[in-house]
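Got the structure open? Let's go through some of the labels and check what earns them.

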Amino acid sequence: MDAYLVAILTVAGVYVVLALALNLQFGLTGLINFGVVGFFGIGAYASGIATETLGLPFVGGLMVAILAGGVTGVGVALLSLRLSGDFLAIVTLGFAETARLVFNNEDWLTGGPRGFIIRTRPVMSGLSRDVTAWAVLGLVAAAALITFLVLRRLADAPYGRILRAIREDDLVPSTLGKNVFVYRLQVFVVGSAAMAAAGSLYAHYVQTITPDNFTTPVAILVWMAVIVGGAGNMLGSVLGALLVTVLYEGSRFVTAGISVLDAEQISALRFILIGTVLILTIRFRPMGILPESQRRASASVPPTTP
Amino acid sequence: MTLLAVRSLEAGYGRTSVVRGVDLDVAQGEMVALVGPNGAGKSTLLKAIAGVATILGGTATLDGADLVPLPAAARAKAGAVFMPQERNIFRTLSVAENLAVSAWGRRDVAQRRNDVVALLPAIGDYLHKRAGGLSGGQRQMVGLAMALMARPKLLLVDEPTAGLSPLLVGDMLDILRRLAEEAELGILIVEQNARAALQRAGRALVLVDGHVVRTGEAARLAEEPDFGALFFGETA
Amino acid sequence: MQMLVDALASAAIIAPAAIGFTLIYTLFRYANFAAGGFVTVGAFAAWTLNAFFGLPIWLAGFGAMAAGALAFGLCDRLVFRPLRGRSGGTLLLVSIALSFVIENIIRFCFGAQIRGFDLPLTGPIEIAGVRVTRETLAVVAASAAATLSVGLLLTATPVGRALRAVADNESLAQIRGLPVPRIEAVGVLIAGALFGLSGTLIGLDLTIDPNLNWAVTIPIIAAAIVGGLGSPLGAAIGAFGIGLAEEATATFLTPTYKGAVGFAAIALVLILRPQGLLGDKVDRK
């Protein structure tokens, strides 16, 4: 297997974690978080700063990233979680945009647009390049697997049933005495922390991060993974993330064959394709490839469609 | 003469029929009350005639013209105008604007408005207020005035007294009766306050479980000894 | 005083789009994040007509309004109309995806480089010690004219009344015989034209590039939210508030965080009015 495939799979693994985290927030609980890249970026930079500037090992960086993601998640959630879905979407999008401005402008901390170089590797040093690449892939895959198993367990548990009830109609659980806000807060914070963890993995994999790594296209890809895979279905998110990576990376080869187009046009064409597929999926197959099973969804109400 | 003629009407939502084979006539200048227990299908029958609920079978004609194939807007244009029970005014518009939009596409908006104010003089007092800020009774009056802007032949009124104080219930029903007599309208009214409605209506139908179980002169229906029992669904 | 003038200028740029956003929100009850995309369409349409075909800028501005209306009208027909009745969240997600598609169509056609309109060089004029460029005056005048026209249209014409009626209570509008789909289409075209106008105004004041999309979306939505998401006048006032906050940030804090003002404004509104200005949830479909 060549290095390129290993690279693609590693990126796909990072997207799997992001998609699973978003699926917990949106698919299961109905929280519209457009700030995926904000949390992803905060995790990446927090981990980088912890390891490079403060000299912590990778695990320390990962912990700092998770903490930073969680704390930011609490802040954003307290601002907007009580409000309707639209408001949460607006606030989270604004948050992501603001986070990117901070990455860009606080050069002393983040290196600004020149980029932030991260030397700390998540695996032991002194291995050959190939082995290191494989080891990083293994680590990312393990992280994705753990996230998947934990979230699927959670989705099947009574806790997951409450989340779905909140998603379908947050009046019902609150009359049952469940505090809807606390559940939404928990889910939002856990999801944000997981996105930040994905950011840490990503940062130590690519080793140079710039604010451009954390822009809207990334958020669109993650959303697409969740929707195409099937909102509410954890396996769907894994499948969706893999599919989106294949589609995105694969379109690189297809469009590269069109020689009349310049690089800018090719990149634009790929994004047009991605956005169009997302819109068409929502219109014609809103439940995704792997719909959330009816058995798991609350009995009387149909599962949510995005 | 007969204005509305309904024969073996089946109606409901989607494919579920709630109204099962109803015959009913409303003549010009006549007020007909539809009474019965909750869930009997009174509102559904009214909405089916208005085009808001689905007609699943049977016929409905207005002045001999078939209503069934027409969408709601066309039925209103043909003269069968519906006044919904709830959310029957545009709250953010002034009363005058509410009246004006209700005569969309007509050239004689001002003339129609004057006619309606002449029929319901109370409207004149709050013509330029925001409709959402009016009292419950005033809002129902505006809702009624909006229906009248279409110059209906047949007025289909769904519980116009819902939420009104007992005093206003009588007023509202008196106004409807007067409209039937003076403006020569046919009025089909669904009313929870059955006795108050029967005092004013010419004829009445008692609907239970989607069927007409009693029909006749309104005043006489109210006198029948088992009238109260009908409302608990015990069909005779 | 200089700051006030600058604030007025940035307010004038986003006001038409904020009004368009509000109009769409009241008609269909979803937050259309593609607003910035249509603004970018307008900006590039104006650039094409002005810098490429050499038309005078005022004519290019009308062209941009037509392009914005056409683009939104088309997208509404193809994308949003088939999804009417789906939840606000779904439409919002679709609008973001659409915005992304529009941005990249523009990038595909025009490339990513920064472009400027072909404007006659004129020096700033000084009025009572405040420096104002002729472009700024034109931007403010055009924006004010558009705001007034839309306000007049909504309050004093039958179509405007019908638009407000449909926005207020669509099912009643249907019962009362209003041609709801046609009225909605009129609303979409007006909003699209307003987006196109904002695009032109941006080009008059600054340079344009496809990234404009996200840079303007947040201020537009922030202005609409601060303005209460109800009336065009509110949106215009909201735009002025956002413009003022942006200029104050640039003057007293740092110009690099001008872009975060919209977010901060939304956050502030949420803290001050936690129930949200979007109105109560119960009333929404």
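Q: What share of the 236 residues of chain B counts as buried, and what makes a residue buried?
A: For chain B the share is 47%. A residue is buried if 20 or more other C-beta atoms (placed from the backbone) lie within 10 Å of its own, exposed if 12 or fewer, and partly exposed in between. Bear in mind that this is a predicted model: local features need pLDDT of at least 70, side-chain atom pairs count only at pLDDT 80 or more, and totals for chains, interfaces and linings use all residues. Residues are numbered from 1 along each chain as its sequence is written, with chains lettered from A and ligands numbered from 1 in the order in which they are written.

Q: Why is chain B called as compact as a globular protein of that length?
A: Its radius of gyration, taken over C-alpha atoms, is set against the globule rule, 2.2 Å times the number of residues to the power 0.38. The rule gives 18 Å for 236 residues and chain B comes to 17 Å, which is close, so the label fits.

Q: How do you know that the span of helix α5 of chain C agrees with its residue count?
A: Expected span is 1.5 Å times one less than the number of residues. With 23 residues (134-156) that should be 33 Å, and the end C-alpha atoms are 32 Å apart, so the two agree. Helices here are DSSP runs (H or I, at least four residues), numbered from the N terminus.

Q: Which residues of α5(C) are buried?
A: They are C:Glu135, C:Thr136, C:Val139, C:Ser143, C:Ala146, C:Thr147, C:Val150 and C:Leu154.

Notes
Helix = DSSP H or I, 4+ residues; strand = E, 2+ residues; numbered from the N terminus.
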